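Work through the exercises below with the model open beside you. Try each task before you read its solution.

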Amino acid sequence: MQKLYANPGAAIIGLLLLLTAGCGLRVDYSKFDPRCREWLGIDNNGHIQWDFINTNPTIESYYEFFMCINIPYQHVAGNTDYFSANSKSFLAFVPAKLAAPRADKEILLISIIFNEMSKTHRDDIRNNPQLLSTWKSAIDNMKRKDGWPYSVSYGIYNAITRLP
């Protein structure tokens, strides 16, 4: 039988290098709040600065913190209770965020926040036609209709807006 590779170890290492060259987290921090690198701990200890919540941030600042720690990564971390506690402020400014999302994941994260908020503020969400229209439009304009962010966002939208 003819050998395909003279040194299979070198071929495996070469393949791994090729795969990792195109992989890895590349975050465009210009899309985020200027404090994002600090919140992620990139410039110092490499740990998310969870104590930011103790500074009693504005709802807009907490929103940016929440998106900063979640959009670049394959997780949903952080507490959505802050949004429920400040529901009026959040529901007032979030349509502008839905109208110009940074990524499909931002729409997913907003949908997850709405899902949690709907436990105590469902009518506030359902009785806001501008919010519902902007949210539905954002979901419809997601780039990937075959991915889980679209499916989950659409499912949450339907669960909140359908009749009881």
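## Exercises on burial, rings and links

**Exercise 1. Classify Trp 50 by its accessibility, then place its ring partner.**

Trp 50 has 41% relative accessibility, so Trp 50 counts as partly exposed. The classes are buried (under 20% relative accessible area), exposed (over 50%) and partly exposed (in between), with a 1.4 Å probe and protein chains only.

Before going on, note the ground rules. The model is predicted: local features need pLDDT of at least 70, side-chain atom pairs count only at pLDDT 80 or more, and totals for chains, interfaces and linings use all residues. Residues are numbered from 1 along each chain as its sequence is written, and side-chain values use heavy atoms, with hydrogens and water left out.

Now the rings. Rings of Phe, Tyr and Trp (its six-membered ring) pair if their centres lie within 6.5 Å; planes under 30 degrees apart are stacked, over 60 edge-to-face, and the rest tilted. This rule gives 17 aromatic pairs. In one of them, the centres of Trp 50 and Phe 65 are 6.2 Å apart and the planes stand at 85°, so the pair is edge-to-face. Trp 50 sits in the loop between helix 2 (36-40) and helix 3 (59-70), while Phe 65 is in helix 3, 15 residues apart. Helices here are DSSP runs (H or I, at least four residues), numbered from the N terminus. Phe 65 has 1% relative accessibility, so Phe 65 is buried.

**Exercise 2. Describe the pair of Tyr 63 and Phe 93.**

- Step 1, geometry. The centres are 5.4 Å apart and the planes are at 90°, which makes the pair edge-to-face.
- Step 2, position. Tyr 63 lies in helix 3 and Phe 93 in helix 5 (residues 87-99), so the pair ties together parts 30 residues apart in sequence.
- Step 3, burial. Tyr 63 is at 0% relative accessibility and counts as buried. Phe 93, at 13%, is buried too.

**Exercise 3. How many residues of helix 3 are buried, and what covers them?**

- Step 1, length. Helix 3 has 12 residues and reaches 16 Å from its first C-alpha to its last, close to the 16 Å expected. The expected span is 1.5 Å times one less than the number of residues.
- Step 2, burial. Of the 12 residues, 11 are buried. Among them are Ile 59, Ser 61, Glu 64 and Asn 70.
- Step 3, cover. The covering parts include helix 2, helix 4 (81-85), helix 5 and helix 6 (104-126). Covering rests on contact, meaning heavy atoms within 4.5 Å.

**Exercise 4. Find the disulfide and say which helices it joins.**

- Step 1, count. A disulfide is a pair of cysteine sulfur atoms within 2.5 Å. The count comes to one.
- Step 2, partners. Cys 36 is joined to Cys 68, with S to S at 2.0 Å. The link is right-handed, with 90° about the S-S bond.
- Step 3, helices. Cys 36 lies in helix 2 and Cys 68 in helix 3, so the link ties together parts 32 residues apart in sequence.
- Step 4, burial. Both Cys 36 and Cys 68 are buried.

**Exercise 5. Which helix gives the largest share of the largest nonpolar core?**

- Step 1, definition. A nonpolar core is a set of buried Ala, Val, Leu, Ile, Met, Phe, Trp, Tyr and Cys residues joined through side-chain atoms within 4.5 Å.
- Step 2, size. The largest core has 38 residues. Those with the most contacts inside it include Met 67, Phe 114 and Trp 135.
- Step 3, suppliers. Helix 2, helix 3, helix 4, helix 5, helix 6, helix 7 (129-140) and helix 8 each supply at least two residues. Helix 3 gives the largest share, eight residues.
- Step 4, one member up close. Beyond four places in sequence, Phe 114 touches Phe 90, Leu 91, Val 94, Leu 98, Ile 125, Leu 131, Trp 135 and Ile 160.

**Exercise 6. Is Asn 56 buried or exposed? Ask the same of Ile 113.**

- Step 1, Asn 56. Asn 56 lies in the loop between helix 2 and helix 3. At 62% relative accessibility, Asn 56 is exposed. Its phi is near 55°, a positive value in a residue other than glycine.
- Step 2, Ile 113. Ile 113 is in helix 6. With a relative accessible area of 0%, Ile 113 is buried.
- Step 3, contacts. Neighbours within four places aside, Ile 113 is in contact with Phe 66, Met 67, Thr 80, Phe 83 and Phe 90.
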